[in-house]
Amino acid sequence: MSRIPSKPEILDWIAANPTLTAKRDIAKAFGIKGAARIDLKRLLKELAEEGHLEKRKKTYSDPDRLPPVSVLLVAAPDDDGDLFARPMEWHGTGVEPKVLVIPRASDPALGEGDRILARLTLVQADDHHYEARLIRRIGSNPARILGVFRQGAEGGRIVPVNKGNQNEWSVPSDATGGAKDGELVEAEQAGPKARIGLQRARVVERLGNPGAPKAVSLIAIHEHGIPDALPDDVVAEADAQKPKGLKGRTDLRDMPLITIDPWDARDHDDACYAHADDDPKNEGGHVIWVAIADVAAYVTPGSALDREAKKRGNSTYFPDRVVPMLPDRLSGDLCSLHEGVPRACIAVRMQIDAHGEKIGHEFHRGLMRSPASLNYEEVQAAIDDTPNARTLPLLEPVLKPLYAAYAALLDARHRRQPLELDLPERQIVLEEDGTVSSVAFKDRLDAHRLIEEFMVLANVAAAETLNAKKSPLLFRNHEEPAPEKLEALRETAQAAGLNLAKGQVLKTAHLNRLLGQARDTDDAELINLSTLRSMTQAYYGPANFGHFGLALKNYAHFTSPIRRYADLIVHRALISAHGWGHDGLRAEDADTLEKTGTHISDTERRSMAAERDTTDRYLAAYLSERVGDEMEGRVAGIAKFGVFVKLDDSGADGLVPMRAIGAEYFHFDREAGTLMGADTGLTISVGQRATVRLAEAVPVTGGIALDLLALDGQSLPKGRTSPAGRSPRRKAVKSKRRGDKVKRKVSRKR
């Protein structure tokens, strides 16, 4: 059954694809078919009635159109009171387009001379070409706080959620926004910063119960100390940026470098193109171009933008929001490779032979203009003989050559043997109000793998070039597994009747052989998880130790400078090494690369922890309506305080407290990773099938408590009664934080 997108998803699609706003275009983008089109039509009608959309027969089609997010200068109201604005970024050769600002009731009053960041919709009207909806007024960026509102006699106070900052804020009676005692609220600073006493604030949004869905990611942001409010000087510096021209760059605007991203991507930082190599010495070979947004041209060393990007280290992704490394003006606009607009880039041209081996590469600082921003699903559908109106013209000249080059790379990958873990990625789908509508596992398409292979090849090229030029850089290191972890994996494999070779230098090919033995067996998930747990954690550093998981000697992150500071360092190193300008890597920054690498490795782990905690809370909220239900799963971890079970349907991890397991005492064997019953000898170990009953799911903590009913199809004795006042369910929730230490940690990206 087709999933109907939410209203925000539809609006985001239309904003990012202003020329594809017909119902059929939206239906194709979201894969909506059959009777589901009726629901889509209803949603579009509601959006039109609410003033978010206006149905039009024609679409403005100037190829030199404005980007979907732009900075505008507001003009004086006309005789009819309409507010127009002129774009501060215009590349066209014709008449400058007119933009009508469409205010909403919640927007601040705008006047002549105001500079605003707005989301544009391309239209066809008599007196204007675009309609703009305010994102924010530039320069208006007050400090924000998340906390619990406590009502008082004259207004109230806000107690911050952030454990590291317990300074309360005072809220005047006329600034409470109707907040009630105990509600979670988001507030902003009101008036100048107080020198003495409590800082004054006004409530800007009521989030209700601190355990409510909308609060989940906000709590994680504050708990883990992820900076989410951009300082005024950073915002101002970003908003003052102008698009880069052709001077000093290679002109790549006629090259069909397309972007392929998730359908709901908020930015596009990589593009690619491939064709058959016409060099007679490379018969059957291919040329692959990968172009990456030139973030270094806008975020210069030592600037306010640079300091803030380094502080954040990376963007952090939640099901309902993103905390970006860079402001919207850059991440969603100037540094995003939007369809049809010129964008600065750093591109690498790579030659591969007929067997997928890279035989040469060269870097260029260029200016590109993508002919299309596509999503994975529509690209794969085109290759599978069901192209849509967007992909059909690109099928022969662009898409098929991409897949031909990818096929050659697969040949080389097979010989290289990178680690082939099979761990499906979980996807949490939210309703408009933030509640979880479904939990599923993402499909892995060849389109996903194609982009991954191209990006890996480009990352290798960057590392090799900088190595050859003896330039300092940050490598992405992934070292071999520790001997003790490898031995634990070997024991797990032997217990499952499988074999991991011993007495030789470990290679990923050996691990792949083990994974291949387990494929399509009941132990497949166990072996994949155990292999993952045996791995060391990847990190950034100026010394090169290779990437074990990818089976590569030289590897650096080059392809995502919008969301990773490490990639920005590599871009600057390339600029300096090629003599492309004065915005490269400074000597003082090169001298502190080890410290920088440690810092951004830490911020990456911080983001992973916040994302994991948020996922746990959403899953607990999703399961809270199913308390009492029996579920199937597999034992995923053993600890002295209980057993972790990973549930099949949702992928959630729940805890069976030790005292709730059975009527006998269980001994914990740390080395073997097992529990053994003192009376019956019943042994519980990782990988066993488990039938459980959901005892409790607490969204505010993410804790899930389970009752263990059966192991490998065999019923357990009824658990003994807990002493009064010592609920095993409560213990399960309190033990969740300790349990996190033994839960699997899955990296977002290698």
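Which residues does S336 touch, not counting residues up to four places away in sequence? In this predicted model, the list is D267, H268, L330, S331, R343 and I562. S336 itself lies in a loop, the one that runs between helix 7 (328-334) and strand 17 (342-352). Despite its place in a loop, S336 has a relative accessible area of 0%, so it counts as buried.

Stepping back to the whole chain, there are 750 residues, and 52% of them are buried. The chain holds 18 helices and 32 strands. Contacts reach well along the sequence: among those between residues at least 6 apart, 67% join residues at least 24 apart. The accessible surface adds up to about 34,300 Å², with carbon and sulfur atoms accounting for 48% of it.

As for confidence, the chain has a mean pLDDT of 86, and 90% of its residues reach 70 or more. Two stretches call for some care. Over residues 56-63 the pLDDT is below 50, and this stretch has 18 contacts in the model beyond near neighbours in sequence. Residues 719-750 also have pLDDT below 50, here with 70 contacts beyond near neighbours in sequence. Where pLDDT is low, the predicted coordinates should not be read in detail.

On to the interior. The largest nonpolar core has 87 residues, and the members that touch the most others are I288, L399, L402, F454 and F558. Helix 10 (residues 446-468) supplies the largest share of this core, with 11 residues. For F454, the contacts beyond four places in sequence are C272, I288, V290, M350, L402, A405, Y406 and L409. Two of these partners, I288 and L402, are themselves on the list of members that touch the most others. A second core, separate from this one, has 31 residues, including A620, L647, I684 and L694.

A small sheet comes next. Three strands make up an open sheet in the order 27-28-29, with antiparallel pairing. Strand 27 (666-669) and strand 29 (683-685) sit at the edges, each pairing on one side only. From one strand to the next, the twist averages 20 degrees. Strands of a sheet pair through backbone hydrogen bonds, either parallel or antiparallel. Here, strand 27 and strand 28 are paired over 4 bridges, and one of the bridge pairs puts H667 with M676 of strand 28. These two strands form a hairpin with 4 residues between them, where G673 takes a positive phi near 70 degrees. On the other side, 3 bridges join strand 28 (residues 674-677) to strand 29. There, T674 stands opposite S685. I684, from the second core, falls within the residue range of strand 29 (683-685).

Finally, there is a glycine in another strand. G208 belongs to strand 10 (residues 199-208). With a relative accessibility of 17%, G208 counts as buried because the cut-off is under 20%. Beyond its neighbours within four places in sequence, G208 is in contact with E183 and L184. The C-alpha atoms of G208 and A179 are 8.3 Å apart in space, while the two residues are 29 apart in sequence.

Terms used:
Residues are numbered from 1 along each chain as its sequence is written. This is a predicted model: local features need pLDDT of at least 70, side-chain atom pairs count only at pLDDT 80 or more; totals for chains, interfaces and linings use all residues. Side-chain values use heavy atoms; hydrogens and water are left out. Two strands pair if DSSP finds at least two bridges between them. Axes are lines fitted to C-alpha atoms, for helices over the stretch in contact, and angles run from 0 to 180 degrees between N-to-C directions. Buried means under 20% relative accessible area, exposed over 50%, partly exposed in between (1.4 Å probe, protein chains only). Contact means heavy atoms within 4.5 Å. Accessible areas come from the Shrake-Rupley method with a 1.4 Å probe; for residues, only the protein chains shown count as cover. pLDDT is the predictor's confidence in each residue, from 0 to 100. A nonpolar core is a set of buried Ala, Val, Leu, Ile, Met, Phe, Trp, Tyr and Cys residues joined through side-chain atoms within 4.5 Å.
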